[in-house]
Amino acid sequence: MKTISTDSDIKIPDGVNLSFKARSVTVKGPRGTLKKEFKHVNIEILRVDPSTIRVRVWHGGRKHLACIRTVCSHIENMIKGVTKGFEYKMRFVYAHFPINVNIGDDNKLVEIRNFLGEKVVRRVPMLDGVTVTQSKDQKDELVLIGNDIQNVSQSAASIQQSVAVKNKDIRKFLDGIYVSAKGLL
């Protein structure tokens with residue numbers, strides 16, 4: 001069954017400038033600018049008043065109506081990113097061989113050495129807008145900071161997947177670099 005019209009509103013906080021044209025949304029705030037395309041989703045974006053936008057779907061089925069909340073969540077995450085920013089913390093876990101991590105290329109590259117005693121050096125580049133630092137107050141911890149939640153979380157996932165244990169019992173060999181905390185700055 002199709003619903004004639006369904007919509008959802010998004011409040012825009014002070015200090016954030018949100019503009020859109022042809023389902024391309026740009027959010028400007030104190031921490032920078034984020035831009036995202038929603039051309040693959042058949043939705044209508046309207047400005048109700050200067051501090052509210054409305055996302056609407058006409059004649060949508062069940063799956064199409066679910067896109068409203070998805071698009072609203074993306075836009076809300078963009079607003080949070082340009083106002084506060086996102087932070088992921090990752091901890092090193094090892095039983096015997098201590099994992100050695102170096103950060104290079106102006107906080108844009110992670111080099112992982114001595115994982116399970118292996119000689120190979122794993123290099124993981126960070127995505128656009130993501131910087132990585134070693135935690136000052138906690139031993140064996142990386143901190144990833146950025147405005148775009150998708151880039152920050154994908155960079156964390158790339159680090160975690162680069163140190164996957166191969167050809168061993170993963171119940172016993174729990175070594176790796178895992179996300180320990182995530183949230184806003």
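This section walks through some strands, a helix, two charged residues and the cysteines of a predicted model.

Strand E9 makes a handy starting point. This strand covers residues 109–113, and 4 of its 5 residues are buried, leaving E9 mostly covered. On one side of the pairing, strand E8 (residues 100–104) runs antiparallel to E9, and 5 bridges join the two. Within that pair, Val101 sits opposite Ile112 of E9. E8 and E9 form a hairpin with 4 residues between the strands, and here Asp105 adopts a positive phi near 55°. E9 also pairs with strand E10 (residues 122–125), again antiparallel, this time through 4 bridges. In this second pairing, Glu111 faces Arg123 of E10.

Glu111 deserves a closer look. This residue belongs to strand E9 and has a relative accessible area of 16%; the cut-off for buried is under 20%, so Glu111 counts as buried. Its side chain does have a polar partner: a polar contact of 3.2 Å links it to the side chain of Arg123, the residue standing opposite Glu111 in E10. Setting aside neighbours within four places in sequence, Glu111 touches Asn100, Val101 and Asn102, along with Val121, Arg122 and Arg123.

Arg122, in turn, is located in strand E10. With a relative accessibility of 15%, Arg122 is classed as buried too. What does the side chain of Arg122 make a polar contact with? One partner is the side chain of Glu118, at 2.8 Å. Another is a backbone atom: the oxygen of Ser162 lies 2.7 Å from a polar atom of the Arg122 side chain. Beyond the neighbours within four places in sequence, the contacts of Arg122 are Val110, Glu111, Ile112, Phe115, Ser162 and Val163.

Ser162 leads on to helix H2, which takes in residues 149–162. The length of H2 checks out: at 1.5 Å a residue, its 14 residues should span 20 Å, and the C-alpha atoms at its ends are indeed 20 Å apart. Which residues of H2 are buried? They are Asn151, Val152, Ser155, Ala156 and Ile159. These residues lie on the same side of H2, because they cover an arc of only 135° around the axis. The cover over them includes E9 and E10, together with strands E7 (86–93), E12 (141–146) and E13 (176–184).

Elsewhere, strands E3 (residues 24–29) and E4 (residues 32–37) run antiparallel and are joined by 6 bridges. Val27 stands across from Leu34 of E4 in this pair, and the hairpin connecting E3 to E4 passes through 2 residues.

That leaves the cysteines. A disulfide is a covalent bond between the sulfur atoms of two cysteines. The structure contains 0 disulfides. Why is there no such bond at Cys67? The closest cysteine sulfur, that of Cys72, is 11 Å from the sulfur of Cys67, which is too far for a bond. Looking from the other end, the sulfur of Cys72 has that of Cys67 as its closest cysteine sulfur, at 11 Å, so a bond is ruled out there as well. As for their surroundings, Cys67 is partly exposed, at 23% relative accessibility, whereas Cys72 is buried, with a relative accessible area of 1%.

Methods
Residues are numbered from 1 along each chain as its sequence is written. This is a predicted model: local features need pLDDT of at least 70, side-chain atom pairs count only at pLDDT 80 or more; totals for chains, interfaces and linings use all residues. Side-chain values use heavy atoms; hydrogens and water are left out. Buried means under 20% relative accessible area, exposed over 50%, partly exposed in between (1.4 Å probe, protein chains only). Two strands pair if DSSP finds at least two bridges between them. The expected span of a helix is 1.5 Å times one less than its number of residues. The arc is that of the directions from the helix axis to the C-beta atoms. Contact means heavy atoms within 4.5 Å. A disulfide is a pair of cysteine sulfur atoms within 2.5 Å. A polar contact is a pair of N or O atoms within 3.5 Å; within protein, one must be able to donate a hydrogen and the other to accept it, and residues adjacent in sequence count only if both atoms are side-chain atoms.
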